[in-house]
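Student: Please take me slowly through one part of this model, the one where charged side chains pair up. I would also like to hear how that part sits within the whole.

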Amino acid sequence: MMIDSHVHTEFSEDSQMKIKNALEHSRKNNIGMTFTEHLDLKFSKGTDITFDIDKYFNDYEKYRSSNLMLGVEVGMQPNCIEENRNIVKRYPFDYVIGSIHIAMGEDIYYPKFYDGKTKKEAFEKYFSSMLECVKQYDFIDSLGHIDYISRYATYNDNEINYNEFTQCISDVIKAVLYNGKVMEVNTRRLGNKQAYINLINIYKTYNQMGGKYVTIGSDAHHFEDIGNNFKEAIEICKLCNLKPVYFKKRKMEYMDK
Ligand SMILES: [Zn+2]
Ligand SMILES: [Zn+2]
């Protein structure tokens, strides 16, 4: 069964998804899920974006199964590594995504991040934050959405063109592999042809550098989006010689297609 390893339910600040609808959709479409609620400590201006983790396990424990795992998406920043590490250690998460939502204290989501910066400057700032965090966050399982910045950048061409960012990409991949982590194929942008082509180059490099496994996640905040663009993600796996996996009890498992 395919597993969508990146789903936000109503425990995430920016989602209202009900577990009931998520389970129904997953059953209908024959796809398993891992919930990965947002944990972004020291978010913009130092406020924590968090959730009631005890309640999360209390409420959802009874739904846990071979098709439903309970995870977390940790927003990585260098100034809250130990706090994040302790939370991850304290709870029985199945899976931990490490993501960059903030680069050097600035929120990538807002147009302000790009003001007065060339694309090269903004993207290099993003990648250097990612590199620094991937090196230090040795307690994650998978690096989330490497193309997150392309969702929100304000340039004519927001893609991570391989030739433009070869060094940044290979530095990040090297750190991922050095720490024994995997990369996520985030399916959010795979409907966009240009994104798809650029991502293939990134995952080909990942494979050439020794990467073997990827998790696949839709980043759904609405139940209808669970499993979105999985066909394209599987194509990327085939083209790049990567095996799709998911995590259960922090252990990697193969997805059977
Ligand atoms: Zn994210
Ligand atoms: Zn997410």
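**A closer look at a charged network**

Tutor: Let's start with arginine 64, whose relative accessibility of 23% makes it partly exposed. The cut-off for buried is under 20%, so arginine 64, at 23%, does not count as buried. Keep in mind that we are looking at a predicted model.

Now look at the partners of arginine 64. One is glutamate 61: the two side chains form a salt bridge, with N and O 2.9 Å apart. Glutamate 61 is also partly exposed, at 39% relative accessibility. The other partner is aspartate 94, which makes a salt bridge with arginine 64 in which the closest N and O atoms are 3.2 Å apart. This second pair links distant parts of the chain, since aspartate 94 and arginine 64 are 30 residues apart. Aspartate 94 is in the loop between α3 (81-90) and β4 (95-99), while arginine 64 is in the loop between α2 (53-60) and β3 (68-75). Put these pairs together and you have a network of salt bridges that links Glu61, Arg64 and Asp94.

Is aspartate 94 buried or exposed? Aspartate 94 counts as buried because its relative accessibility is 2%. So the network joins a buried residue, aspartate 94, to the partly exposed arginine 64 and glutamate 61.

As a general idea, side chains of opposite charge can pair when their charged atoms come close. You can see another pair elsewhere in the chain: glutamate 10 and lysine 18 meet in a salt bridge, at 2.8 Å from N to O. Here glutamate 10 is partly exposed at 37%, and lysine 18 is partly exposed too, at 43%. Counting by the salt-bridge rule gives 19 salt bridges.

Next, let's see what surrounds this picture. The protein has eight helices and 11 strands, and 57% of its 257 residues count as buried. Nonpolar side chains tend to be buried together in soluble globular proteins. In this model, the largest nonpolar core has 88 residues, and Phe35, Phe127 and Tyr203 touch the most other members. Helix α4 (residues 119-136) gives the most to that core, with eight residues. Phenylalanine 35 touches several residues beyond four places away in sequence, among them Tyr56, Tyr60 and Leu68. Find those on your screen: Tyr56 and Tyr60 fall within α2 (53-60), and Leu68 within β3 (68-75), the two elements on either side of the loop that holds arginine 64.

There is a metal site to find as well. The zinc ion (ligand 2) has His6, His8, Glu73 and Asp219 as protein donors, at 2.0 to 2.2 Å. The arrangement is irregular because its four donor atoms subtend angles of 82 to 172°. Glutamate 73 bridges this ion and the zinc ion (ligand 1), and the two ions lie 3.4 Å apart. Histidine 6 is in strand β1 (residues 2-7) and aspartate 219 in the loop between β9 (213-217) and α8 (230-240), so this pair ties together parts 213 residues apart in sequence. Both histidine 6 and aspartate 219 are buried.

Finally, zoom out. Among contacts between residues at least 6 apart in sequence, 76% join residues at least 24 apart. The radius of gyration is 17 Å, which agrees with the value near 18 Å for a compact globule of 257 residues.

Note on methods: Residues numbered from 1 in each chain as written. Chains lettered and ligands numbered in written order. Predicted model: local features only at pLDDT ≥ 70, side-chain atom pairs only at ≥ 80, totals over all residues. Heavy atoms only, no water. Salt bridge = Lys/Arg side-chain N within 4 Å of Asp/Glu carboxyl O. Buried < 20%, exposed > 50% of the residue type's maximum accessible area, 1.4 Å probe, protein only. Helix = DSSP H or I, 4+ residues; strand = E, 2+ residues; numbered from the N terminus. Core = buried A, V, L, I, M, F, W, Y, C linked by side-chain atoms within 4.5 Å. Contact = heavy atoms within 4.5 Å. Donors = N, O, S within 2.8 Å, 3.2 Å for Na, K, Ca; no water. Tetrahedral: all angles 85-135°; square planar, octahedral: opposite > 155°, others 65-115°. Rg over C-alpha atoms; globule rule 2.2 N^0.38 Å.
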